[in-house]
Amino acid sequence: MVKIETISAETIKPSMPPPSELRTFKISLLDQLAPPLYVPVILFYSATALCIDNNTTSFDISNHLKNSLSKTLNHYYPLAGRLRQNATVDYNNEGVPFIEAKVNLELSEILENPNMDLVQRFLPLDPYNVLLVKELVITAVQVNYFECGGIAIGVCISHKIADGATVASFLSAWSANANGTSEIIVPRLDSASLFPPRDVTIAMPSGVISKEKTLTKRFIFDAQKLALLRAKIANGAVTRVEAVTSRIWKSAFVTIQDSSSSMVTHVVNLRARMSPRMHEQFLGNIWQLAVTAPILTKHEESKLQLGELISEIRTSIRKINGNYIRMLQGDDGLLKACESMKEVRQHFMKGGVDCYRFSSWTRFPFYETNFGWGNPTWVCTTNVPIKNVVILMSTKSGDGIEAWVTLAEDHMASFEQDHDLLEFISTRPSP
């Protein structure tokens, strides 16, 4: 039986607390509308890849991580605060819970065949059950030490203040401080001035967390299989993300056939779409949902080509342009921000539509998170108790994609046997 034993728990605070006038941080409209969940990431460092002195102990590693985290929080101080009334993050000397645990397991056993229920235990909290959290902390960290000397660092940051890009930026800043590099990554903390907050309270919509049993599985598209897939679509004139999205979407609606229509949402990062282009280190939720029009799938599924699905996806993403963003920043910003969610909800109410929610993390530099002992062997997210969710992450080599697909358990059984999908899936472990 795998045992994960907590060996220490403390709170890490900024080494230089922010001045009183900065201790209340306004969240933006897009933060206010974000789901009350956490964004979870786990970074694994195998013992064989750790570039550390033989005399270095877990105590040394612990102090190194804690000291560099404290230093990083000087600039990312909202991450050490607490959310108040869906309007502000207040810093009152609370800090970041920092847990250390001992795992009676070799890390290689995780890397060879990841058990996602077990992997989730390497996180400091359940990212999808905020009711279990005594206080609504913004950030929490858990460092796990394996018997072989390997390490797993689990990080959860509240989605009310961070998207995937923010989490990646924070990890880059933390690792840069740990490495002692001259580069100092300083976040931009004024997203509320670009997307002014409103007097609005958002609760978790009913039905988001699936009542039926779900299953999250990893599907690996390595570089060779991706090249083959792209070559079969419009002579390869598509991106990796487009190719994988279209393949998963079609395999899902062909094998599941729960409804007569199917649609896709894709998270669109607004930073590169702003004019002028937004700073990559902008802290907060700087994204919107692109929503495809529902397509008929019953009796027509065999005729739909992947290129046609990609065309639908591109059309939806093109709508999130400069004019869209200007409206988002205007007086009717709340109505504009809610448009995509309202559209999805209306289709659900009509019935007969399945919606698959995609989010791509492939451009985030998670595999460059070097705390001074080398890059991660593997980076992953965790189980998602929300059906029809797909998170795309890069493989360590950077030229492949790991697709983390969550479906209803009975749907997964048929989906993972789809021959058209299996043609492009690698059987080798990612790490």
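**Exercise 1. Aromatic rings**

Which residues are linked into a cluster by ring pairs? Work this out for the predicted model shown above, and then classify two of its ring pairs.

*Solution.* Ring pairs join Tyr45, Tyr76, Phe170, Trp174, Phe371 and Trp373 into a cluster, and the structure as a whole holds 14 aromatic pairs. Take the rings of Trp174 and Phe371, whose centres lie 4.9 Å apart and whose planes stand at 70 degrees; because planes over 60 degrees apart count as edge-to-face, this pair is edge-to-face. Next, locate the two residues along the chain: Trp174 belongs to helix H5 (residues 164–179), whereas Phe371 sits in the loop between strand S13 (353–360) and strand S14 (378–380), so that the pair links distant parts of the chain, 197 residues apart. Both Trp174 and Phe371 are buried.

Now turn to Trp249 and Phe253, whose ring centres are 6.2 Å apart with planes at 90 degrees, so this pair is edge-to-face. Here the two residues are 4 residues apart in helix H8 (residues 240–256), which means that about one helical turn separates Trp249 from Phe253. Trp249 and Phe253 are buried.

**Exercise 2. Cysteines**

Determine how many disulfides the structure holds, and explain why Cys355 has no bond to Cys338.

*Solution.* The count of disulfides is 0. Cys338 is in no disulfide, and the nearest cysteine sulfur, which belongs to Cys355, is 16 Å away. Since a disulfide requires two cysteine sulfur atoms within 2.5 Å, the 16 Å between the sulfur of Cys355 and the closest cysteine sulfur, in Cys338, is too far for a bond. The surroundings can be read from accessibility: Cys338, at 27% relative accessibility, counts as partly exposed, while Cys355, with a relative accessible area of 2%, is buried.

**Exercise 3. Strands and a sheet**

Describe how strand S9 is placed and paired, and then find the edges of the sheet that contains S2, S5 and S4.

*Solution.* In strand S9 (residues 214–221), 6 of the 8 residues are buried, and therefore this strand is largely enclosed by the rest of the structure. S9 pairs with strand S16 (residues 401–408) in the antiparallel sense over 8 bridges, and within this pairing Phe221 stands opposite Ile401 in S16.

The other sheet is open and consists of 3 strands in the order S2-S5-S4, with antiparallel pairing. Strand S2 (24–26) and strand S4 (82–84) stand at its edges with a single partner strand each, so one side of each is left without a neighbour in the sheet. On average, neighbouring strands of this sheet are turned by 30 degrees against each other, direction ignored. Finally, S4 and strand S5 (residues 88–90) pair over 3 bridges, and Asp90 in S5 is the bridge partner of Arg82.

Note on methods: Residues are numbered from 1 along each chain as its sequence is written. This is a predicted model: local features need pLDDT of at least 70, side-chain atom pairs count only at pLDDT 80 or more; totals for chains, interfaces and linings use all residues. Side-chain values use heavy atoms; hydrogens and water are left out. Buried means under 20% relative accessible area, exposed over 50%, partly exposed in between (1.4 Å probe, protein chains only). Two strands pair if DSSP finds at least two bridges between them. Axes are lines fitted to C-alpha atoms, for helices over the stretch in contact, and angles run from 0 to 180 degrees between N-to-C directions. Rings of Phe, Tyr and Trp (its six-membered ring) pair if their centres lie within 6.5 Å; planes under 30 degrees apart count as stacked, over 60 as edge-to-face and the rest as tilted.
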